[in-house]
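Please open the model in your viewer and keep the sequence panel beside it. The tour begins with the chain as a whole, then moves to a sheet, a helix and a single side chain.

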Amino acid sequence: MAIIGTRGYPSYYGGFETAVRKLAPFLADEGWDVTVYSRPGATRPDDPSRDPRVRVVETNGLETKSFSTLSYGYTAVRHAVSQRPDVALVMNVANGYWLPLLKAAGIPTLVNVDGIEWDRAKWGRLAKWVFHNGAKWTARHATRLVFDANEIGRRWHDEFGLDGEFIPYGGDFIDEELPLEPGLRHRQYALMVARFVPENTVAEFLEAAPRIAESADVVIVGSSGYGGDLDERAQALADRYERVRWLGHVSDDRRLHSLWQHAGVYFHGHSVGGTNPALVQAMALGAPVVARDTAYNREVLGTGEFVEPKAEDIAETIIKALADEAGLEIQGQANKRRARQRYSWDGVNSSYTAALSALISVSAEVPEKDFEDASELLHP
């Protein structure tokens with residue numbers, strides 16, 4: 001089988017990459033021959049956790065904010081068509097434009113649609129159109145869909161009339177107590193972990209940070225990846241306020257897990273995207289959570305502290321939560337229990353394996369002419 005649409009294996013960029021790091025070795029254990037399409041320079045070939053059974057194929061593309069997914073997806077699909085895997089797992093509806101090539105070659109596709117990308121504030125009008133149109137192509141040409149949240153499934157059913165598989169993200173459960181970040185105290189700091197984009201409520205949290213820092217430490221993890229206003233604001237806060245730390249992007253899982261495990265409050269400001277991997281991981285590590293009030297966050301957390309995307313509400317709720325030490329422990333344990341029940345990687349990987357196996361078992365024999373048609377599409 002082939003995995004298309006991520007930065008590769010092993011990579012630590014985002015949710016898709018985390019899922020692939022967990023899924024690819026699991027499939028290899030189950031006897032699958034796994035190929036992960038990757039971008040040059042985006043993976044860690046010397047990662048000690050890398051499974052040598054997973055084949056990595058690098059293809060070329062345009063490394064730009066607007067066209068990277070489309071360009072790398074196209075070159076990966078071109079190569080996959082030449083290899084004719086039994087099934088392809090495709091991430092992101094932006095790759096919906098290339099699904100007809102896989103379909104013509106007789107390769108069934110399981111497509112993780114990700115979030116509702118055309119709702120994201122970080123994208124301009126053209127990018128939103130590209131994603132929405134890609135979703136239409138995905139709806140027309142994918143063999144089967146995966147939704148990482150029931151709310152995402154509802155949106156797709158309402159707009160496109162399609163159902164699919166509900167497969168969320170998982171979390172790593174660590175029972176040992178991890179070393180505390182130097183200078184911090186257990187349950188006495190507020191933490192935000194997010195990519196610096198508008199829909200993650202980053203600007204509002206940065207505005208709230210000075211007030212929170214009057215009584216507790218504030219730790220900010222993340223960046224835009226391209227520089228810009230939010231990065232500059234985070235740096236300015238860290239320079240001005242002794243109790244504010246901006247760590248930038250943290251790719252060391254153990255360090256990030258420690259920050260979540262010991263946090264007094266993890267602020268989760270993501271407003272779109274379904275089941276968010278960072279929220280699931282924070283819950284798995286027992287972090288108390290204050291979250292932006294969205295249907296997605298309520299679905300994942302069940303119960304908890306929810307706020308509007310306003311700096312004053314964020315600051316007030318976090319300060320109040322940090323003052324209730326007993327309440328923090330109760331909420332942290334409740335989050336960990338919910339994560340174990342609903343968001344384990346074993347369950348996630350087993351669901352993907354079952355869905356992929358089902359596509360192979362029901363796929364019909366494809367006439368040679370269809371494969372020739374696919375070649376004509378690639379080389380007109």
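Begin with the whole chain in view and colour it by accessibility: of its 380 residues, 56% count as buried. Keep in mind throughout that this is a predicted model. In surface representation, the chain exposes about 16,500 Å², of which carbon and sulfur atoms supply 48%.

Now switch to a cartoon, where 14 helices and 13 strands can be picked out along the chain. The radius of gyration is 21 Å, close to the 21 Å that the globule rule gives for 380 residues, so the chain is as compact as a globular protein of that length. If you reduce the display to the C-alpha trace and turn it along its principal axes, the span is about 70 × 40 × 40 Å. A contact map is a useful companion here, since among contacts between residues at least 6 apart in sequence, 71% join residues at least 24 apart.

Next, select strands E8 to E13, the 6 strands that form an open sheet with parallel pairing, and follow them across in the order E10-E9-E8-E11-E12-E13. At the edges you will find strand E10 (244-248) and strand E13 (305-307), each of which pairs on one side only. Looking across the sheet, you can follow a twist that averages 20 degrees from one strand to the next.

Stay at the E10 edge and zoom in on its partner, strand E9 (residues 217-221), which runs parallel to E10 and is joined to it by 4 bridges. To fix one position in this pairing, select Ile220 and look across to E10, where Trp246 stands opposite.

Which helix should be added to this view, and which strands does it lie across? Select helix H6 (residues 202-212), which lies across strand E8 (189-193), E9 and strand E11 (265-268) and runs at about 160 degrees to E9.

For the last stop, leave the sheet and select Arg340, which lies in helix H12 (residues 325-342). Is Arg340 buried or exposed? With a relative accessible area of 42%, Arg340 falls between the limits of 20% and 50%, and is therefore described as partly exposed. Show the surrounding side chains as well: leaving aside neighbours within four places in sequence, Arg340 is in contact with Phe173 and Asp175. Finally, draw a distance from the C-alpha of Arg340 to that of Ala105, two residues that are 235 residues apart in sequence and 40 Å apart in space.

How values were computed: Residues are numbered from 1 along each chain as its sequence is written. This is a predicted model: local features need pLDDT of at least 70, side-chain atom pairs count only at pLDDT 80 or more; totals for chains, interfaces and linings use all residues. Side-chain values use heavy atoms; hydrogens and water are left out. Helices (H or I, at least four residues) and strands (E, at least two) are DSSP runs, numbered from the N terminus. Buried means under 20% relative accessible area, exposed over 50%, partly exposed in between (1.4 Å probe, protein chains only). Contact means heavy atoms within 4.5 Å. Two strands pair if DSSP finds at least two bridges between them. Axes are lines fitted to C-alpha atoms, for helices over the stretch in contact, and angles run from 0 to 180 degrees between N-to-C directions. The radius of gyration is taken over C-alpha atoms; the globule rule is 2.2 Å times the number of residues to the power 0.38. Accessible areas come from the Shrake-Rupley method with a 1.4 Å probe; for residues, only the protein chains shown count as cover.
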